[in-house]
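Take a look at the model below. How is a small report on a fold put together? Start with the parts, then see how they fit.

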Amino acid sequence: MAGFTGLSVPDFMPELLPAVEVGWRLGRAHWGQGLATEAAAAAVRFGFEDCGVDRVVSIASWATAHPNES
């Protein structure tokens with residue numbers, strides 16, 4: 001398995017609510033192939049078109065956005 005992508009309702013950042021978050025995790029071997037971009041776009045499209053959400057956010061931390069920096 002390469003990883004996963006999905007939608008959730010964040011409950012840890014009330015200043016963003018109401019919102020739906022798109023998130024993903026991929027194994028390092030699958031980075032740089034466009035998989036996260038393609039999967040996230042499909043999840044966002046699903047949220048808007050099939051679930052009727054009106055806002056999708058993505059939350060990133062410095063540690064996950066820059067895994068090789070301290």
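This report goes from the overall make-up to the sheet, the helix beside it and one loop residue.

**Overall make-up**

The model is predicted. The protein has two helices and three strands. Along the sequence, these elements follow the pattern β-β-α-β-α. The protein has 70 residues, and 16% of them count as buried. The exposed surface comes to about 5200 Å². Carbon and sulfur atoms supply 58% of that area. Now consider contacts in the protein with a separation of 6 or more. Residues 24 or more positions apart account for 48% of these.

**The sheet**

Strands of a sheet pair through backbone hydrogen bonds, either parallel or antiparallel. Which kind of pairing does the open sheet have? The pairing is mixed, and the three strands lie in the order E1-E2-E3. E1 and E3 are the edge strands, as each pairs on one side only.

Take the two pairings in turn. E1 covers residues 3-8, and E2 covers residues 20-26. These two strands are antiparallel and share six bridges. E3 covers residues 56-57. E3 runs parallel to E2, and two bridges join them.

The table lists some residues that stand opposite each other in the sheet.

| Residue | Partner | Strand of the partner |
|---|---|---|
| Thr-5 | Trp-24 | E2 |
| Ser-8 | Glu-21 | E2 |
| Val-20 | Val-56 | E3 |

**The helix on the sheet**

How do E2 and E3 connect to a helix? E2, helix H1 and E3 make a β-α-β unit, and this unit is right-handed. H1 spans residues 35-49.

Which strands does H1 touch where the helix packs on the sheet? H1 touches E1, E2 and E3. The direction of H1 makes about 155° with that of E2.

**A residue in the loop**

The loop between E2 and H1 holds Gly-27. Is Gly-27 buried, exposed or partly exposed? Buried means under 20% relative accessible area, and exposed means over 50%. Gly-27 has a relative accessible area of 30%, so this residue is partly exposed.

Gly-27 also shows how the chain brings separate positions together in space. Gly-27 and Met-1 are 26 residues apart along the chain. Their C-alpha atoms are separated by 8.4 Å.

**In brief**

The sheet has three strands with mixed pairing. H1 packs on this sheet. E2, H1 and E3 form the right-handed unit.

Terms used:
Residues are numbered from 1 along each chain as its sequence is written. This is a predicted model: local features need pLDDT of at least 70, side-chain atom pairs count only at pLDDT 80 or more; totals for chains, interfaces and linings use all residues. Side-chain values use heavy atoms; hydrogens and water are left out. Two strands pair if DSSP finds at least two bridges between them. Helices (H or I, at least four residues) and strands (E, at least two) are DSSP runs, numbered from the N terminus. A crossover is right-handed if, with the strands pointing away from the viewer, the path from the first strand over the helix to the second runs clockwise. Buried means under 20% relative accessible area, exposed over 50%, partly exposed in between (1.4 Å probe, protein chains only). Contact means heavy atoms within 4.5 Å. Accessible areas come from the Shrake-Rupley method with a 1.4 Å probe; for residues, only the protein chains shown count as cover. Axes are lines fitted to C-alpha atoms, for helices over the stretch in contact, and angles run from 0 to 180 degrees between N-to-C directions.
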